[in-house]
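Visitor: I am new to this structure and would like to know how the words used for it are justified. Could you take me through them slowly?

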Amino acid sequence: SDGYILLIGNANDNTIIGNNLSDSIGSAIKIRENSNDNIITDNYISNCSTGIVISGYDFPEDKLPTSNKIINNTIINNQKGINLELCENNLIKENIITNNHYGIFFWFAGLAISNIITHNTISNNEYGIKFDPQPFLFSSNNEISRNNFIDNNINAYDSRPLHSYIL
């Protein structure tokens, strides 16, 4: 297996609620291509390579994951807390994201489009939020606002700040 505890692909309108997910060499939860309107809430995720991933796979052949909600989860002690790549219009809200290397990580940031990250507590991470730029790709219209950054080594880093909004 790829090391996923829960993998959602080509699935819509699911709710993942109230799980204790830990000790995965991969991701605890991964939402893949063509997966929309899923809710990930009230989960405790720890000691995984990545806590939660929202990622399209074969862009542009597949539709990007859209309108998924990650709300009120506790995500601690992972390499990456939440990883966004090849996705659009997702909501990351009211999560506790602490003691990860990357709290929230935009990989392949150029195709992370119009996501909203708000009202999270992001603490004690090496990077609170990091956009990992790829050549010729740019993140766009992401709103990062009203988060509580506490004791991160670097709160937010985007080498191309004109393409994302950290408020």
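Visitor: Which residue in β10 stands opposite S55?

Guide: Before anything else, please keep in mind that this is a predicted model. In it, the residue that S55 faces in β10 is E85.

Visitor: How do you know that β7 and β10 count as paired strands?

Guide: Two strands are said to pair if at least two bridges are found between them. Strand β7, residues 50-55, and strand β10, residues 80-85, are joined in the parallel sense over 5 bridges, and because the definition asks for at least two, they qualify as a pair.

Visitor: What makes β4 a partner of β7 as well?

Guide: The reasoning is the one just used, since strand β4, residues 27-31, runs parallel to β7 and is joined to it by 4 bridges, which again satisfies the requirement of at least two. Within this pairing, I31 stands opposite I54 of β7.

Visitor: Is β7 called buried or exposed, and what is the reason?

Guide: A residue is called buried when its relative accessible area is under 20%. In β7, 6 of the 6 residues meet that description, so the strand is described as mostly covered.

Visitor: What is the order of the strands in the sheet?

Guide: The sheet is an open one of 7 strands, with parallel pairing, and the order is β1-β4-β7-β10-β14-β18-β21.

Visitor: Why are β1 and β21 said to stand at the edges?

Guide: Strand β1, residues 6-8, and strand β21, residues 154-158, each have a single partner strand, so one side of each is left without a neighbour in the sheet. Direction ignored, neighbouring strands of this sheet are turned against each other by 10 degrees on average.

Visitor: How many bridges join β14 to β18?

Guide: Strand β14, residues 102-107, runs parallel to strand β18, residues 127-132, and 5 bridges join them; one of the facing pairs is Y102 with its bridge partner Y127 in β18.

Visitor: Why is D37 called partly exposed?

Guide: D37, which lies in the loop between β4 and β5, has a relative accessible area of 37%. Because that value falls between the limits of 20% and 50%, the term is partly exposed. The phi of D37 is near 60 degrees, a positive value in a residue other than glycine.

Visitor: And what makes D151 exposed?

Guide: D151 is found in the loop between β20 and β21, and its relative accessible area is 61%, which is over 50%, so the word exposed applies. D151 also has a positive phi, about 55 degrees, although it is not a glycine.

Notes. Residues numbered from 1 in each chain as written. Predicted model: local features only at pLDDT ≥ 70, side-chain atom pairs only at ≥ 80, totals over all residues. Heavy atoms only, no water. Buried < 20%, exposed > 50% of the residue type's maximum accessible area, 1.4 Å probe, protein only. Axes fitted to C-alpha atoms, helices over the stretch in contact; angles between N-to-C directions.
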